[in-house]
Every structure is written in structure tokens, then in C-alpha cells.
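Here are some comments for a colleague at the bench, set out as numbered points. They are best read with the sequence and the coordinates open side by side.

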Amino acid sequence: MHIEDYIQHATLKPGTTIGDIDALCCEAVEYKLTNICVPPLFVKKTKLLIEETDIKITTVIGFPFGYSAIEAKVAELVMAVIDGADEVEMVINTSAVKNSDWQFLANEINTVMPIIRGKEKKITVIFETSLMTDEEIITACDIYGAAGVDYVKAGTGFAADVLIIERIQLIRKHLAAAIRVKVATDIKNYSFAKDLIKAGANRLCCNNNLKLIQEALQQN
């Protein structure tokens, strides 16, 4: 298994610095990674740092809580695209989920999708799975599957989910095959990374990815 093919190298900590972004870009080049995720503030800078490479830039929308107004998420999305993002990850409005306001969520994604497709970009919807019941996850999968998103992501990486393997399996079971699955969690070792992939994850997103890559290269 080439673990680097599954890696989305990221730095989304609140105190992210220009130095962190420089290091992220250098590491992505060194390990031949295909995608990096940075805070919206740094998309334009990151674009300049990797302009001679094929690395794609992802940024986040409504991160990390997701309860921004639809109009605010749209504004963030438009600015991210202007700044050079190739993909966006939008956090689900968990407050709407807990209130069973599925119409709000449908309206939100149906507002966002024409912009994404019109700009020929990709979108991930992030579920904060640790705060959602299985039934809520299944209903959300139905909504975002019908909308035709590119990815569903389990977790923001800020709230631990001790059932993350089961969550990925559940998401994978209830999504159309064309929609891929990401996961953001504390991936402590190569063995756990393999378990996540076996459960259905197509992309691994966390801040200790370099350790995973180094361990994986030793295994190969």
C-alpha cells in the first residue's frame, strides 16, 4: 500500500503561521503528495509556493463549527476560489442536524453546488460525526449524496470520535459509490491508517501525516 496516495497533508490549527505553511508545502513536495489543506487566510500564499507543482490546494468553509449563515458560507467559498483553492471542505451545520432541519441543509448545499460546479471545483462536506447519531448520519448521507458532492468527511479533527471506524463504515454504506470518503482523526500509526482505509476511507487528513508516511515507507 502506498500510503502517500491517501494523504491530504494539512495544517488547520488556530495558530497557523507562515512558517507552518512553508514547511507544509516543502513536505508535500518532498514526499510527492497530491493535496494539501490550509486555512482560508493562506490559500493565496500557498498558491504562490506550489505554483510550479501539480499539488492541489484545499481550504475549509464554515470551519470548525459549521453554523454560519448560508450567505456567509457562500462568501467564504467565492473568496476561496478567487484566491486559488482547487477544493473546499464545508462543515455541516450540526445545529440544523440536531434540530432535524433537513430542509435547511438541503437548501444550503443546493445553493453551494452550482457555484462549485460553475467554477469546476470539488467539494467535501464535513460531518462532525462524534455529535451525530447513526440515523442523523444516514439522513445526511442521503441529502449530500443526492446533491452529488465529491466527498463526505468524517470529523473536523477537533472533536475526537472513539467510533471513527464504525462511522466510516456507516458513511460508506449509505453513500453512492461515486462519492468518496475522507477522515480527519488522530492517526497514531500505520496500522490504524490501514484500518481506516479498509473501512472505506479514500483520503486521510491529519497533522501527523509525515510520521505515517515515514513509517509506511519503512514497511514497503
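A residue is called buried when its relative accessible area is under 20%, exposed when that area is over 50%, and partly exposed in between. The model discussed here is a predicted one, and every point below should be read with that in mind.

1. The nonpolar surface patch. Val78, Met79 and Ile82 form a nonpolar patch on the surface, and together they offer about 280 Å² of accessible area. Valine 78 belongs to helix 3, and because its relative accessibility is 34%, valine 78 counts as partly exposed.

2. Aspartate 83 and its surroundings. Aspartate 83 is also placed in helix 3, which covers residues 70–83, but here the relative accessibility is 15%, so aspartate 83 counts as buried. When its neighbours within four places in sequence are left aside, aspartate 83 is in contact with Pro40, Val43, Lys44 and Lys47. Leucine 41 and aspartate 83 are 42 residues apart in sequence, while their C-alpha atoms are 9.2 Å apart in space.

3. The positive surface patch. Lys47, which was named above as a contact of aspartate 83, gathers with Lys56, Lys122 and Arg180 in a patch of positive charge on the surface. Of these residues, lysine 56 is found in strand 3, made of residues 56–61, and because its relative accessible area is 42%, lysine 56 is described as partly exposed.

4. The salt bridge between glutamate 89 and lysine 153. The structure holds 11 salt bridges, and one of them brings together the side chains of glutamate 89 and lysine 153, at 2.7 Å from N to O. This pair links distant parts of the chain, since glutamate 89 sits in strand 4 (residues 87–91) and lysine 153 in strand 6 (residues 151–154), with their positions 64 residues apart in the numbering. Are the two partners buried or exposed? Both glutamate 89 and lysine 153 are buried.

5. The salt bridge between arginine 167 and aspartate 134. In this pair the closest N and O atoms are 3.1 Å apart. It too links distant parts of the chain, with arginine 167 in helix 7 (residues 164–173) and aspartate 134 in helix 6 (residues 134–147), the two being 33 residues apart. Arginine 167 counts as buried because its relative accessibility is 11%, whereas aspartate 134, at 37%, counts as partly exposed. Elsewhere, salt bridges that share partners join Glu87, Glu89, Lys153, Lys182 and Arg203 into one network, and that network takes in the glutamate 89 and lysine 153 of the previous point.

6. The salt bridge between aspartate 20 and lysine 13. The closest N and O atoms of aspartate 20 and lysine 13 are 3.4 Å apart. Both residues fall in the partly exposed class, aspartate 20 because its relative accessibility is 22%, and lysine 13 because its relative accessible area is 40%.

7. Aspartate 142. Aspartate 142 lies in helix 6, and with a relative accessibility of 48% it counts as partly exposed. Alanine 106 is 36 residues away from aspartate 142 along the chain, and the C-alpha atoms of these two residues are separated by 10 Å.

8. Backbone geometry to inspect. Most residues other than glycine have a negative phi, and most peptide bonds are trans. Against that background, a cis peptide bond joins phenylalanine 63 and proline 64, with omega about 0 degrees, and proline 64 is located in the loop between strand 3 and helix 3. Serine 100 has a phi near 55 degrees, a positive value in a residue other than glycine; serine 100 is placed in the loop between helix 4 (94–98) and helix 5 (102–118), and its relative accessibility of 48% makes it partly exposed. Glutamate 120, likewise not a glycine, has a positive phi of about 55 degrees.

9. Where glutamate 120 sits. Which loop holds glutamate 120? Glutamate 120 lies in the loop between helix 5 and strand 5, the latter spanning 122–127. Because its relative accessible area is 72%, glutamate 120 is classed as exposed.

How values were computed. Residues numbered from 1 in each chain as written. Predicted model: local features only at pLDDT ≥ 70, side-chain atom pairs only at ≥ 80, totals over all residues. Heavy atoms only, no water. Patch = residues over 30% accessible without salt bridge, like charges linked within 9 Å, V, L, I, M, F, W, Y side chains within 5 Å. Areas by Shrake-Rupley, 256 points an atom, 1.4 Å probe, with all protein chains shown as cover. Salt bridge = Lys/Arg side-chain N within 4 Å of Asp/Glu carboxyl O. Lys, Arg positive; Asp, Glu negative; His and termini not counted. Charge placed at Lys NZ, Arg CZ, Asp CG, Glu CD. Helix = DSSP H or I, 4+ residues; strand = E, 2+ residues; numbered from the N terminus. Buried < 20%, exposed > 50% of the residue type's maximum accessible area, 1.4 Å probe, protein only. Contact = heavy atoms within 4.5 Å.
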